[in-house]
Amino acid sequence: MTGIPGFLSMVLALAPAAPQRPNILFIMADDLGPEWLSCYGSEHQTPHLDRLAASGMRFERAYATPLCTPTRHELLTGRYPFRTGWTTHYDTPRWGGQYFDWNREITFARVLREAGYATAVAGKWQMNDFRTHPDALARHGFDEHCVWPGVESDNPPAAERYFDAYVQTNGRRETRQGEFGPDVFTGFLIDFMTRKKDGPFLAYYAMVLTHTPFTHTPANRGNESLKGAALHPGMVDHLDGEVGRLLAALERLGLRDRTVVIFTTDNGTVTGVKGMVRGRAVNGGKATLREAGIRVPLIVSWPGQVAAGRATAAPVDFSDFFPTLLELAGAAPPAGVTLDGRSFAPLLRGDPAYRPREWVFSQLGAGRIVCDGRFKLYQDGRMFDVEEDPAETGDLKDSRDPAVVAAREKLRRVLDALPADARLPFPPRSAPAGRAGE
C-alpha cells in the first residue's frame, strides 16, 4: 500500500498537463469580406493573416449580420437580433438616445472578468455615447479601453478615426495629432498584453479598418494618385500589418502558445469595392443579406491545441462566440440568460464527437435567412445553393429537385419556429440619408 501514492505521483507527472486558461486575443476587422484575404483565395496578398491561418483553423462558413452594430451586439451577447431587438444599425453617439444597456444584456467580457480575466477593448465601439454614460465600457466588462467613440453629434473632432484620430483612453479624450488611429489602438493592446502577460487576459480589438472614409495609410500617404476605392487595398495591407504586429508581440512576450487568437470581420466589404478571387470579381455586399454581406472570414489559432493548417466547412454564426470563449476559458454561462449560440470549442480541439450546427441565422431589419451550409432560405421564400452559386444568381424557390425540396421544408420549419422580434428598450431613431452603416 505504501507504494501506491508514489506510483500515482509518477503517473501524474508523466501525464500531459491540462492547458491553463488561455489568453484571448479577439480581432474583428470592419467591413471586410473573405475576398480580400489570400488565405481565402484572394489575389490580394495578406501574408500575416495567411500565417495565422496556416497556424490554426480557417472557417469557410462563418456568418455575421450585414451591418456594424447588430453584429457587435450579437457577438458580445451570444443572442440573436430578434431576441434583443437590435435588428439593424443604431448609431448611438451620432443619433442619441438609444444605447447598449448593461442592465438588459450581459457581454462575454463581463463573464470573463468575473472569472478572473483582465479585460481590455480597443478600436470601435459605437453602441454607447460615452458623454452620456462615461462608465459604459466598465459596466460592459472591460477594465481598460482605448477606443474611437464614433462620430458624435456636435463634436466635429470625433469624426476622425484615422489620421489625427479622436481617441478615448481609459476615460481621457483627445485628438492624437499626427497619429494614425489603427497604430494607436494596436500599440495600446500590445502594452496591455505586456503588462498582463502573467494572464489570463482578454484583448478585444474591434478594428476601424477598413471602414470608409477611404484613407491613405502611413505607407502611402502623399500618393495623391490614389483616391476613393483605390485606397482600399492599402487599407487592407495596413490591417494585415497590424495583425502581424500583434502576433510578433505575443511571440516576443512568450505568450503565443498560451493565447487563442481569433480573427474575423463584422460584415462584408462595402458595396462597390470588388475583390478578385481566382480570377473572379466579387462585389462587396455590406448592408445586404447576400453571401457577400454576411459570410465573413474566421480564423482561430492556438498552437498546440488547435490543429494547424485545417479548413472546416462547419457552419458557425456570431452567436457562437460567447459560449465558445466561455468554454475555452473554463467559465460558466450566466444564469437565467437565454443564449442562442453553440460552442465550437470541441471542433477546435478535434473532438470526434462534435456535430456541426444544422443551420445558422442572420437578420437585417425584418429580413431573415437560415443556411445549412449549402442551401440558404430567405424569409420571403427565395432560396439558393450558396455552395455552387455564391453570387445567388439562380433562385431555387420553384425547384422540384428532391434535395432542394427537402432542404427548403427543413429550413422553412426553422424560420417559422423563430420568435418575433423583441421590442427595443429605446425608441429607434433613423439614420441620416446615406449614413446607415457608419
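1. A bit of bookkeeping to start: Ala, Val, Leu, Ile, Met, Phe, Trp, Tyr, Cys and Pro count as nonpolar, Asp, Glu, Lys and Arg as charged, and the others, Gly among them, as polar. On that scheme, the lining of the largest cavity splits into 5 nonpolar, 2 polar and 3 charged residues. Keep in mind that this is a predicted model.

2. About that cavity: the count comes to 1 cavity of 30 Å³ or more, and the volume of the largest is about 40 Å³. Its lining is made up of His73, Thr84, Trp86, Tyr99, Phe100, Asp101, Arg104, Glu105, Pro425 and Phe426.

3. His73 from that lining also turns up among the buried residues of helix H3. The helix covers residues 68-77, and 10 of its 10 residues are buried. Charged side chains are on that list too, including Arg72 and Glu74. Just after H3 comes Gly78, with a positive phi near 75°.

4. Over to Ser301, which sits in strand S11 (residues 295-301). Is Ser301 buried or exposed? Its relative accessible area is 0%, so Ser301 is buried, the cut-off for that being under 20%.

5. Who does Ser301 touch? Leaving aside residues up to four places away in sequence, Ser301 is in contact with Leu52, Ser55, Gly56, Arg256, Thr259, Val260 and Val261. With Ser55 there is also a polar contact between the two side chains, at 2.6 Å.

How values were computed
Residues numbered from 1 in each chain as written. Predicted model: local features only at pLDDT ≥ 70, side-chain atom pairs only at ≥ 80, totals over all residues. Heavy atoms only, no water. Buried < 20%, exposed > 50% of the residue type's maximum accessible area, 1.4 Å probe, protein only. Helix = DSSP H or I, 4+ residues; strand = E, 2+ residues; numbered from the N terminus. Polar contact = N/O pair within 3.5 Å; in protein donor to acceptor, adjacent residues only side chain to side chain. Contact = heavy atoms within 4.5 Å. 1 Å grid on protein atoms, 1.4 Å probe; cavity = no way out; pocket = protein on both sides within 12 Å on 5 of 7 lines; lining within 4 Å. Points joined across faces, edges and corners; volume = space filled by probe spheres on them.
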